[in-house]
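Visitor: I am new to this structure. Please pick one part of it, look at it closely, and then show me what lies around it.

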Amino acid sequence: THVLSSSYICQYGKDCRSSVLSIVNMKIQGLLISIFSLSIFGEEKKLTEFDELEKLVENYDRRVRPNAGGKPVTVNLSVYVLNIPYINFGKHGMEITIDMYFRQFWEDPRLKIDKTLNLPKILGEKEIVDKIWVPDTFFVNEHSSQAKENFLRITDGEVLWSQRMQVTFTSTGDYHRFPFDSQVFPLEFESFKYTAKDIRYGWKLGDKSVQMSPGLGFTDLSIVGHRQMEVLASMDTGDYSRLWIEIQVDRNYTFYFSILFVPLFLITIISFASFWIDVKQRLMFILMVNF
C-alpha cells in the first residue's frame, strides 16, 4: 500500500506547494482584470443624436420629397419681422428690405426617431440640411437676399427649419397722390420646381403666422399693418401654391409739410413782399433775407 504525502517533490526535489499557490493567485488576478476590463470597455456605446441621424439617412434619398407619389407635402410658414432697414422709392419701382426669422415646418415619415433611444430631438445646422430633403422655397419678387444664422430640428418626423434672413423685395408704386399716398409692398413665397401637386404651402399659426416687432417705422413713413393670403398661381408649367404678405406703408405728410411746403410758402410770401417795399430799401431787404 502506497500512502500519498500531502507534499510532493518537484523536479529539483523541492516542495512546490508555494509555487502552485502563486500560480493560482496569478490566474485569479488575471481573471479579475479581464472581468473588470469587460465591465468598462465591453458596454454598448450610447448613441448620440448624430449617430441616430446617420442611421436615419443611411438609406435616405434627399432628392425625393416626403410622401413621394402620394399626397402633396404640406409646408407651413411663419415669419417674424425683426427690422425694416430700408424703404426706397424710385421712378422704376420701390423696394423694401426685411430682416426676419423665416421658419418652415413639414413632416417627413422617414425621419421618425427610435423612441427606445430616449432622444427627444435632433438639432443641428447646415450639416443636417445637406443630408435631408428640404423645401426649395424662394422669394418670387426678390431683388437680393442674404441668409444668416439658421438651425434645423427634427422631432419624431416633424422638421423645423429656421433661418434669419435679410431680403429686399421689389414692387411697383403709384405716386400720384404724393405726399398723401399709401403704398403696399408684397412679399411672395413659392416653390421653385414643385407644383401644387407636390407641395402645398400654408400658414403655421393661422392669422398670427406673421408678426412684426413693435416700434417699426420711419420719420417720413408709418407702418400701418399687414395681411397674409394663400393663392394658387397658374403658369404655363403648372399651378403653384404661393403665400403672400402685404405690408402697408403710409407717408407721413406732416413731415413733408415741415421740410417742403412750409419753406416754399415762406419763400413765396417773402418774394411777393418785396413789391411793397420802397425801392430805396429793397436792396437792404434783399441783403437781410439772404443773410
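**S78 and its surroundings**

Guide: Start with S78, which sits in strand β1. Keep in mind throughout that this is a predicted model. The relative accessible area of S78 is 7%, and since buried means under 20%, S78 counts as buried. Leaving aside residues up to four places away in sequence, S78 is in contact with Y101, F102, R103, F105, K204 and S209.

Next, the strand that holds S78. Strand β1 covers residues 73–90 and runs parallel to β8, to which five bridges join it. One of the pairings can be named: N76 has G202 in β8 as its bridge partner. Strand β8 spans residues 199–203, and four of its five residues are buried. As background, strands in a sheet are paired by hydrogen bonds of the backbone, in a parallel or an antiparallel way.

From the contacts of S78, follow F102. This residue belongs to strand β2, residues 93–107. Its relative accessible area is 2%; with the limit for buried at 20%, F102 is therefore buried. The contacts of F102, again without residues up to four places away in sequence, include L77, S78 and V79. Also among them are T137, F139, W161, S162, Q163, M165 and F189. Take S162 from that list: F102 and S162 lie 60 residues apart in sequence, while their C-alpha atoms are 5.9 Å apart in space.

T137 and F139, both touched by F102, lead on to β4, which covers 137–139. Strand β4 is part of an open sheet of four strands, ordered β4-β7-β11-β10, with antiparallel pairing. At its edges are β4 and β10 (221–235); each has a single partner strand, so each has one side without a neighbour in the sheet. Direction ignored, neighbouring strands here are turned by 20° against each other on average. At the β10 edge, the partner is strand β11, residues 238–251, and 14 bridges link the two in the antiparallel sense. Within this pair, H226 faces I247 in β11.

Two residues in loops deserve a separate look. In general, a negative phi is what most residues other than glycine have. N67 is not a glycine, yet its phi is positive, about 60°. N67 lies in the loop that runs between α2 (49–56) and β1, and it is partly exposed at 29% relative accessibility. D156 is not a glycine either, and has a positive phi of about 50°. D156 is placed in the loop between β5 (142–155) and β6 (158–171). With a relative accessibility of 32%, D156 is partly exposed.

Last comes the confidence of the prediction. The protein chain has a mean pLDDT of 81, and 70% of its residues reach 70 or more. The highest confidence in the chain is in β8, at 97, and the lowest is in helix α5 (residues 279–290), at a mean of 59. Over residues 1–14 the pLDDT is below 50, and this stretch has ten contacts in the model beyond near neighbours in sequence. Coordinates predicted at low pLDDT should not be read in detail.

To return to the start: S78 is buried, and F102, one of the residues it touches, is buried as well.

Methods: Residues numbered from 1 in each chain as written. Predicted model: local features only at pLDDT ≥ 70, side-chain atom pairs only at ≥ 80, totals over all residues. Heavy atoms only, no water. Buried < 20%, exposed > 50% of the residue type's maximum accessible area, 1.4 Å probe, protein only. Pairing = 2+ DSSP bridges. Contact = heavy atoms within 4.5 Å. Axes fitted to C-alpha atoms, helices over the stretch in contact; angles between N-to-C directions. pLDDT = per-residue confidence, 0-100.
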